[in-house]
Amino acid sequence: MTRKEFIAQVGINAAILLAPACITGLSSCKKKKEEKPRSVDFTLDISTGPLASNGGALINDGVIVARSTSGEFIAIDSACTHEGTNINYVSTTHSFKCPNHGATYDANGNVTTGPAVKSLTSYHCTLSGSSLQVFS
Ligand code: FES
């Protein structure tokens, strides 16, 4: 058997071995389930607590809500897209940082530093008096 014939035979055998695993979904060939965007709608009283002052933040219902140093409210999913650790708001840079492996996100939830690669979903914020509504 020549080297070329050997390599061709190994390739065919590998394909035969891997095909059943792909067909039955037992390997990485398995298609990932489509993620449906979740529905978010809650209201926070900002008259007390971390959101009562500029630079504060809190996590509610899987969403981190932050108040920038200029008083703007922003809300994005709190679970880092790398491995799910809750992120922190960094008021000095108006961004978010994961304490686990250091991924960073901008105020819109876009990844600015890995290892995370997927952006976080951001949500709308509407302030009425001291009631802040956060919704998708
Ligand atoms: S869990 Fe956030 S960077 Fe790894």
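This is a short walk through a few neighbouring parts of the structure above, which is a predicted model.

Let's start with strand β10, which covers residues 131-135. Strand β10 has two faces: Leu132 and Val134 make up the covered one, while Ser131, Gln133 and Phe135 make up the uncovered one. Now look at what lies alongside. Strand β1, residues 41-45, runs antiparallel to β10, and 5 bridges join the two. You can pick out one position in this pairing by finding Phe42, which stands opposite Val134. That is a residue you have already met, since Val134 belongs to the covered face of β10.

Strand β9, residues 122-128, is also joined to β10 by 5 bridges, and these two strands run antiparallel as well. Here, Thr126 has Gln133 as its bridge partner in β10. Gln133 sits on the uncovered face of that strand. If you follow the chain from β9 into β10, you trace a hairpin with 2 residues between the strands. In the turn you will find Gly129, whose phi is positive, at about 65°.

Next, move to strand β6, residues 95-97, where Ser95 lies. Is Ser95 buried or exposed? Its relative accessibility is 15%, and since buried means under 20%, Ser95 counts as buried. The side chain of Ser95 makes a polar contact of 2.6 Å with the side chain of Thr93. Looking past its neighbours within four places in sequence, you will see Ser95 in contact with Asn88, Tyr89, Val90, Tyr105 and Asp106.

One step back along the chain is His94, in the loop between β5 (88-90) and β6. His94 has 23% relative accessibility, so it counts as partly exposed. Which residues does His94 touch, if those up to four places away in sequence are not counted? They are Ser68, Glu72, Ile74, Tyr89 and Ala107. Ser68 is a nice example of how a chain folds back on itself: Ser68 and His94 are 26 residues apart in sequence, yet their C-alpha atoms are 6.3 Å apart in space.

Tyr89 has now turned up as a contact of Ser95 and of His94, and it leads to our last stop. The structure holds 1 aromatic pair. Its members are Tyr89 and Phe96, with ring centres 5.3 Å apart and planes at 55°, so the pair is tilted. Tyr89 counts as buried because its relative accessibility is 12%. Phe96 is buried too, at 0% relative accessibility.

Terms used. Residues are numbered from 1 along each chain as its sequence is written. This is a predicted model: local features need pLDDT of at least 70, side-chain atom pairs count only at pLDDT 80 or more; totals for chains, interfaces and linings use all residues. Side-chain values use heavy atoms; hydrogens and water are left out. Helices (H or I, at least four residues) and strands (E, at least two) are DSSP runs, numbered from the N terminus. Buried means under 20% relative accessible area, exposed over 50%, partly exposed in between (1.4 Å probe, protein chains only). A polar contact is a pair of N or O atoms within 3.5 Å; within protein, one must be able to donate a hydrogen and the other to accept it, and residues adjacent in sequence count only if both atoms are side-chain atoms. Contact means heavy atoms within 4.5 Å. Two strands pair if DSSP finds at least two bridges between them. Rings of Phe, Tyr and Trp (its six-membered ring) pair if their centres lie within 6.5 Å; planes under 30 degrees apart count as stacked, over 60 as edge-to-face and the rest as tilted.
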